[in-house]
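Please open the model in a viewer and keep the sequence panel at hand. The tour proceeds by selection, beginning with a single side chain and widening from there.

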Amino acid sequence: QVQLVESGGGLVQPGGSLRLSCAFSGSSFSDYTMGWYRQIPGKQRELVASIFRGGSINYADSVKGRFTISRDNAKTTVSLQMNSLKTEDTAVYYCKAFHPWRTAEYWGQGTQVTVSS
């Protein structure tokens, strides 16, 4: 089985930065597509960024140029560097792992990011 644990959330002022980390426990980390999602209360959960095993990366339009997703296959971690944060970035951020041929999907429990002055 796979377990995901997010960390790095907190309170930051607009224009500030945070770095989120997701620790993956299990086997075959390098085969998984990894992603960061976020959910604002009362709204649909949305994709923030994803990174595939081959290195391809997707970003939501709202975070392009500000956020960077990366993965460290040796440490089995995925990070989300968030710069130039805006109040509308406030949400619970979730880590997701998806195995493309086993069709297995796993979620972390989320970490709160609050952007406020």
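**First selection: Trp 36**

Select Trp 36, which counts as buried at 0% relative accessibility. The model on display is a predicted one. Trp 36 has its place in strand 4, which covers residues 33–39. Add Ile 51 to the selection and draw a C-alpha to C-alpha distance: Trp 36 and Ile 51 are 15 residues apart in sequence and 9.1 Å apart in space. Trp 36 is also one of the residues that Cys 22 touches, and Cys 22 is the next stop.

**Second selection: Cys 22 and Cys 95**

Which residue is joined to Cys 22 by a disulfide? The partner is Cys 95, with an S to S distance of 2.1 Å. The link of Cys 22 and Cys 95 is left-handed, with -80° about the S-S bond. Cys 22 belongs to strand 3 (residues 18–25) and Cys 95 to strand 9 (residues 91–99), so the disulfide ties together parts that are 73 residues apart in sequence. The count for the model comes to 1 disulfide.

Are the two cysteines buried or exposed? Cys 22 is buried, at a relative accessible area of 1%. Cys 95 likewise counts as buried, at 0% relative accessibility.

Now display the surroundings of Cys 22. Leaving out residues up to four places away in sequence, Cys 22 touches Leu 4, Val 5 and Glu 6, then Met 34 and Trp 36, then Thr 76, Thr 77 and Val 78, and also Cys 95. For a distance check, take Met 34: Cys 22 and Met 34 are 12 residues apart in sequence, and their C-alpha atoms are 9.5 Å apart in space.

**Third selection: the loop between strand 3 and strand 4**

Move along the chain from strand 3, where Cys 22 is found, into the loop that leads to strand 4. Two residues in this loop deserve a selection.

Ser 28 lies in the loop between strand 3 and strand 4. Ser 28 has a positive phi, near 65°, and is a residue other than glycine. Most residues other than glycine have a negative phi. At 25% relative accessibility, Ser 28 counts as partly exposed.

Asp 31 is placed in the loop between strand 3 and strand 4 as well. Asp 31 counts as buried because its relative accessibility is 13%, under the 20% cut-off. What is Asp 31 in contact with, once its neighbours within four places in sequence are left aside? The contacts are Arg 53, His 99, Pro 100 and Trp 101.

**Fourth selection: Thr 103**

Go on to Thr 103, which is found in the loop between strand 9 and strand 10 (104–107). Although Thr 103 is not a glycine, its phi is positive, at about 55°. Thr 103 is exposed, with a relative accessible area of 60%.

**Fifth selection: Thr 68**

Select Thr 68 in strand 7 (residues 67–72). Thr 68 counts as partly exposed, at 42% relative accessibility. Apart from neighbours within four places in sequence, Thr 68 is in contact with Tyr 59 and with Ser 79, Leu 80 and Gln 81. For a further distance, add Val 48: the C-alpha atoms of Thr 68 and Val 48 are separated by 9.9 Å, and the two residues are 20 residues apart along the chain.

**Last selection: the whole chain**

Clear the selection and show the protein chain as a cartoon. How many helices and strands does the secondary structure comprise? There are 0 helices and 11 strands, so that the pattern read along the sequence is β-β-β-β-β-β-β-β-β-β-β.

Orient the view along the principal axes: the C-alpha atoms fill a box of roughly 45 × 25 × 25 Å. The radius of gyration of the protein chain is 14 Å, which agrees with the value near 13 Å for a compact globule of 117 residues. Of the 117 residues, 40% count as buried. Among contacts with a separation of 6 or more, 54% come from residues 24 or more positions apart.

Finally, switch to a surface display. The accessible surface comes to about 6200 Å², and 46% of it belongs to carbon and sulfur atoms. Colour by charge to end the tour: the mean positions of the 12 positive and 8 negative charges of the protein chain are 2 Å apart.

Notes: Residues are numbered from 1 along each chain as its sequence is written. This is a predicted model: local features need pLDDT of at least 70, side-chain atom pairs count only at pLDDT 80 or more; totals for chains, interfaces and linings use all residues. Side-chain values use heavy atoms; hydrogens and water are left out. Helices (H or I, at least four residues) and strands (E, at least two) are DSSP runs, numbered from the N terminus. The radius of gyration is taken over C-alpha atoms; the globule rule is 2.2 Å times the number of residues to the power 0.38. Buried means under 20% relative accessible area, exposed over 50%, partly exposed in between (1.4 Å probe, protein chains only). Contact means heavy atoms within 4.5 Å. Accessible areas come from the Shrake-Rupley method with a 1.4 Å probe; for residues, only the protein chains shown count as cover. Lys and Arg count as positive and Asp and Glu as negative; His and the chain ends are not counted. The place of a charge is taken as NZ of Lys, CZ of Arg, CG of Asp or CD of Glu. A disulfide is a pair of cysteine sulfur atoms within 2.5 Å.
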